[in-house]
Amino acid sequence: MQNENEKTGLTVLRENVFQLKQEIAKVIVGQDKLIDLLIVSLLANGHVLLEGVPGVAKTLTIRLLSQAISASYSRIQFTPDLMPSDVTGTSVFNSGTGAFEFVQGPIFANLVLIDEINRAPAKTQSALFEVMQERQVTIDGKAYKMAAPFAIFATQNPLEHEGTYQLPEAQMDRFLFKLNVGYPAAEDEVKILHNAHTRRGTHELDEVSPVLSAANILNFQKQVHFIKVEDHLIKYISDLAIATRNHPSVYLGASPRAATNILISAKAMAAIQGREFVIPEDIHSILNPVLEHRIYLTPEKELEGIMPADVVSEIIHSLEIPR
């Protein structure tokens with residue numbers, strides 16, 4: 001009976017995820033893998049960093065995702081003069097009661113888009129450390145919990161460095177995924193232009209309707225934890241993480257948190273396909289997004305043009321894939 005209930009639950013999950021993808025696909029063309037990984041991040045209860053040049057619909061994609069989910073949404077534009085209190089909120093004196101009252105900042109939402117995250121200095125970035133890891137902010141010694149589900153989607157431009165700040169390693173490690181958003185294929189760009197032409201001035205958001213609720217997301221997150229992972233695959237995940245630390249091209253390898261993120265992401269990937277167990281392909285499909293921003297190469301290898309993705313690919317081919 002339990003297995004039947006699990007299968008029924010996963011069928012509902014897969015069908016709902018399909019509906020969610022269909023809604024977003026009304027506007028976003030040719031980004032199926034990106035959409036899959038964004039949904040996986042939600043089900044894995046993680047945060048995402050999206051990197052790409054301006055104009056490739058990073059912000060629009062997240063806005064459409066939030067539009068298709070009936071949950072609270074907030075957008076924060078990071079700038080060099082942004083203060084931590086502008087993100088988390090601050091205590092304001094109420095003359096009527098004669099006491100200070102906490103006024104919530106824009107971080108208090110289910111889905112939070114932080115645009116151009118690398119434009120704010122370290123002092124403002126520090127405001128995100130606690131909330132990304134512990135889902136709470138502490139103001140004047142009092143902790144304020146985030147409403148679940150809670151996810152941060154941050155964007156940054158990889159090319160423009162003037163007026164930007166490099167995110168610290170500890171903060172990068174708090175992102176479940178780093179996703180690179182590239183230019184669309186030629187045929188996809190034609191579809192984008194065609195859609196823009198036939199839309200005739202109406203806004204993209206008007207085409208997308210909510211198909212999921214915050215309660216649905218929470219329920220699906222619980223289901224993900226019950227996806228089965230065989231012991232030999234758990235060992236394989238550990239071997240992959242350890243291999244990054246021992247690789248001659250790597251200065252700093254994947255942390256134990258990274259290995260845990262590989263596990264939960266692979267389970268979420270299996271879940272959106274309606275499978276109650278993880279297979280090696282699930283692990284491989286999320287490996288680069290989990291590891292790319294956590295692997296730091298030696299200076300010599302960076303000068304040679306080696307990329308973290310190259311190291312990940314080499315490690316996959318060097319280890320025996322369990323079956």
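## Helix H11 against helix H13

A crossing of two helices is called right-handed if the near helix is turned clockwise from the far one by less than a right angle, and left-handed if the turn is anticlockwise. In this predicted model, the crossing of H11 and H13 is right-handed. Helix H11 covers residues 280-291 and helix H13 covers residues 308-318, and their axes come within 10 Å of each other while crossing at roughly 145°.

On the H11 side the contact is made by His284, Leu287, Asn288 and Leu291, and on the H13 side by Ala309, Val312 and Ile316. Sorted by class, the residues of this contact are five nonpolar and two polar, with no charged residue.

## Helix H9 against helix H10

A second helix pair is formed by H9, residues 231-246, and H10, residues 256-272, whose axes come within 9 Å and cross at roughly 145°. The crossing of H9 and H10 is right-handed. Ile237, Ala241 and Arg245 of H9 meet Pro256, Ala259, Ile262 and Leu263 of H10 in this contact, which by class holds six nonpolar residues, one charged residue and no polar ones.

## The parallel sheet

Five strands form an open sheet with parallel pairing, and their order across the sheet is E3-E6-E9-E1-E10. Strand E3 (73-77) and strand E10 (177-180) stand at the edges and each has a single partner strand, so one side of each is left without a neighbour in the sheet. From one strand to the next, the twist averages 20°.

The pairings can be followed along this order, beginning with E3 and E6, which pair in the parallel sense over five bridges; here Ser74 stands opposite Val112 in E6. E6 is in turn joined to E9 by four bridges, again in parallel, and Leu113 stands opposite Phe153 in E9. Towards the other edge, strand E1 (residues 48-51) runs parallel to E10 and is joined to that strand by four bridges, with Asn180 of E10 as the bridge partner of Glu51.

## Strand E6 and the helix on the sheet

Strand E6 is mostly covered, since five of its five residues are buried. Leu111, Leu113 and Asp115 point one way from E6, whereas Val112 and Ile114 point the other way, and all of these residues are buried. The buried residues of E6 thus include Asp115, as well as Val112, the residue that Ser74 stands opposite.

Helix H3 (residues 58-67) packs on the sheet, where it touches E1, E3, strand E6 (111-115) and strand E9 (151-156). The direction of helix H3 makes about 160° with that of E9.

## Strand E7 and the loops beside it

Gln136 lies in strand E7, which spans residues 136-139. Is this residue buried or exposed? Its relative accessible area is 11%, which is under the 20% cut-off, so Gln136 counts as buried. The side chain of Gln136 makes a polar contact with the side chain of Lys145, at 3.1 Å. When neighbours within four places in sequence are left aside, Gln136 is in contact with Glu130, Val131, Ala143, Tyr144, Lys145 and Met146.

Two residues in loops that lead into or out of E7 have a positive phi. Arg135, in the loop between helix H5 (122-134) and E7, has a phi of about 55° although it is not a glycine. Asp140, in the loop between E7 and E8, likewise has a positive phi, near 55°, and is a residue other than glycine. As to their surroundings, Arg135 is buried, with a relative accessible area of 19%, whereas Asp140, at 67% relative accessibility, counts as exposed. The value for Arg135 is under the 20% limit for a buried residue, and that for Asp140 is over the 50% limit for an exposed one.

## A cis peptide bond before Pro149

Which peptide bond in this part of the chain is cis? The bond from Ala148 to Pro149 is cis, with omega near -5°. Pro149 is found in the loop between strand E8 (142-145) and E9, and E9 is one of the strands that helix H3 touches.

Note on methods
Residues numbered from 1 in each chain as written. Predicted model: local features only at pLDDT ≥ 70, side-chain atom pairs only at ≥ 80, totals over all residues. Heavy atoms only, no water. Axes fitted to C-alpha atoms, helices over the stretch in contact; angles between N-to-C directions. Contact = heavy atoms within 4.5 Å. Nonpolar A, V, L, I, M, F, W, Y, C, P; charged D, E, K, R; others polar. Pairing = 2+ DSSP bridges. Buried < 20%, exposed > 50% of the residue type's maximum accessible area, 1.4 Å probe, protein only. Polar contact = N/O pair within 3.5 Å; in protein donor to acceptor, adjacent residues only side chain to side chain.
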